[in-house]
Amino acid sequence: FFPKIEVQVKNRGGWLKTNLFRLKNHLTDQFKKQLSPDKAALLSGITFGERSGFSQKLKDEMAKSGVTHIVALSGYNIAILVLAIERSLRKIIPRQKRFYLTLGLILLFVLMVGGEASVVRAAIMGSLILLAGHLGRPHDTLHIIVLTAILMVLVNPTILVFDIGFQLSFLSLLGIVYLEPVLRKLFQHNDKKKESFLAWRENGLTTLAAQLAVVPVLMWNFNQFSLTGVLANVLILVTVPFAMFLGFLLAALSSISFSLGFLVAKLVSLLASYQIAVIKIFSVIYFPLPGGQFLKSSLIFIIYYGVFLALVFKNYEKS
């Protein structure tokens, strides 16, 4: 009990990871210089998955409003990275060399942000899709999802049971890929070309599909699920791409000069104010799932995911 803990040695880690962490800390420090603590923490989470700066109050509010996942890096961040590399280097570097460079940068990004299950899953899937394109082979989404899960479990079998992030990441992905088409049909929104204003309907269906896929796991492990979380996500998700872009831009400009980053910081501050306002409002009007404890029954848990997997494979066969 109450052991005395003190640092014995420093800087004994690998050279590469040490410098990558230093780079990430330097970039997130730029947010702290230009923004208030909560806004800097939120932007650091959205861009680099960094959560150390969050106050306990903001953590609780994000959990209640159902938007904690926006600071868990995933496929979206990897997609942004790949697109940025492709568009900036397309005319400079040949296709084959660009492929290897992209894979290398994905690996460096994963190491820099700490390698959580969601970003590792996204990195492996993104690399497999790039490899399929490089070899000129078609790729199957479910095969890539299963192969990615197998690779991660082979490296560390304990994540299958003890890493909730691993479970949530794969279940929500399966929900988005295979439940969203069912919801589109149910809500008679099959025309992807006709997007709603600010894509609110599309974000709503995507969020609902992901949430339906993870409800029992959330109830089992955290004993909470907000029905108003879907609406909170619809209002916030539309701003995340802009926050990511402005976050990277702010970090780059502010690293050169505080004054260069000042104007971008004002835009980021407005965006972060809106996001935090949504988080606070929906943490207050938190509406728990009625009868949520019902999902904590082992039998109901098994039946729920039995139906879920049946829908996944039914839609997989159709596709």
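# Notebook: a chain of helices

**Entry 1, the overall fold.** I started at the N terminus and read off the elements of the chain, which run α-α-α-α-α-α-α-α-α-α-α-α-α-α. Counted up, that gives me 14 helices and zero strands. I'm working with a predicted model here, so I keep that in mind throughout. Next I checked how the chain is packed: its radius of gyration is 21 Å, close to the 20 Å from the globule rule for 319 residues, so the chain is as compact as a globular protein of that length. I also boxed in the C-alpha atoms along the principal axes and got roughly 55 × 50 × 50 Å.

**Entry 2, inside and outside.** What share of the 319 residues is buried? I got 41% for the chain. Then I looked at contacts with a separation of 6 or more, and 71% of them are between residues 24 or more positions apart. For the outside, I noted an accessible surface of about 18400 Å². Carbon and sulfur atoms own 68% of that surface.

**Entry 3, charges.** I tallied 32 positive and 15 negative charges in the chain. I took the mean position of each set, and the two lie 5 Å apart.

**Entry 4, helix H6.** I picked three residues to look up here. Ser118 sits in helix H6, which covers residues 117-135. Is Ser118 buried or exposed? Its relative accessibility is 11%, and the cut-off for buried is under 20%, so Ser118 counts as buried. Skipping its neighbours within four places in sequence, I found Ser118 in contact with Ala72, Leu73, Ser74 and Ser169.

Met125 is in helix H6 too. At 10% relative accessibility, Met125 counts as buried. Which residues does Met125 touch, if I ignore those up to four places away in sequence? My list reads Ile144, Ile145, Thr148 and Leu173. I also checked Met125 against Leu174: they are 49 residues apart in sequence, and their C-alpha atoms are 13 Å apart in space.

Gly126 is another residue of helix H6. With 17% relative accessibility, Gly126 counts as buried. I paired Gly126 with Gly75, which is 51 residues away along the chain, and found 7.5 Å between their C-alpha atoms.

**Entry 5, Lys33.** I moved to helix H1, residues 15-34, where Lys33 has its place. Lys33 has a relative accessibility of 55%, and exposed means over 50%, so I put Lys33 down as exposed. How far apart in space are Lys33 and Val153? I got 40 Å from C-alpha to C-alpha, with their positions 120 residues apart in sequence.

**Entry 6, aromatic rings.** I searched the whole structure and found eight aromatic pairs. For Phe166 and Phe170, the ring centres are 4.8 Å apart and the planes sit at 50°, so I call this pair tilted. Both residues belong to helix H9 (residues 164-186), and because they are four residues apart, about one helical turn separates them. I looked up the burial of this pair as well: Phe166 is buried and Phe170 is buried.

Which residues do ring pairs link into a cluster? I wrote down Trp220, Phe301, Tyr304, Tyr305 and Phe308.

Note on methods
Residues are numbered from 1 along each chain as its sequence is written. This is a predicted model: local features need pLDDT of at least 70, side-chain atom pairs count only at pLDDT 80 or more; totals for chains, interfaces and linings use all residues. Side-chain values use heavy atoms; hydrogens and water are left out. Helices (H or I, at least four residues) and strands (E, at least two) are DSSP runs, numbered from the N terminus. The radius of gyration is taken over C-alpha atoms; the globule rule is 2.2 Å times the number of residues to the power 0.38. Buried means under 20% relative accessible area, exposed over 50%, partly exposed in between (1.4 Å probe, protein chains only). Contact means heavy atoms within 4.5 Å. Accessible areas come from the Shrake-Rupley method with a 1.4 Å probe; for residues, only the protein chains shown count as cover. Lys and Arg count as positive and Asp and Glu as negative; His and the chain ends are not counted. The place of a charge is taken as NZ of Lys, CZ of Arg, CG of Asp or CD of Glu. Rings of Phe, Tyr and Trp (its six-membered ring) pair if their centres lie within 6.5 Å; planes under 30 degrees apart count as stacked, over 60 as edge-to-face and the rest as tilted.
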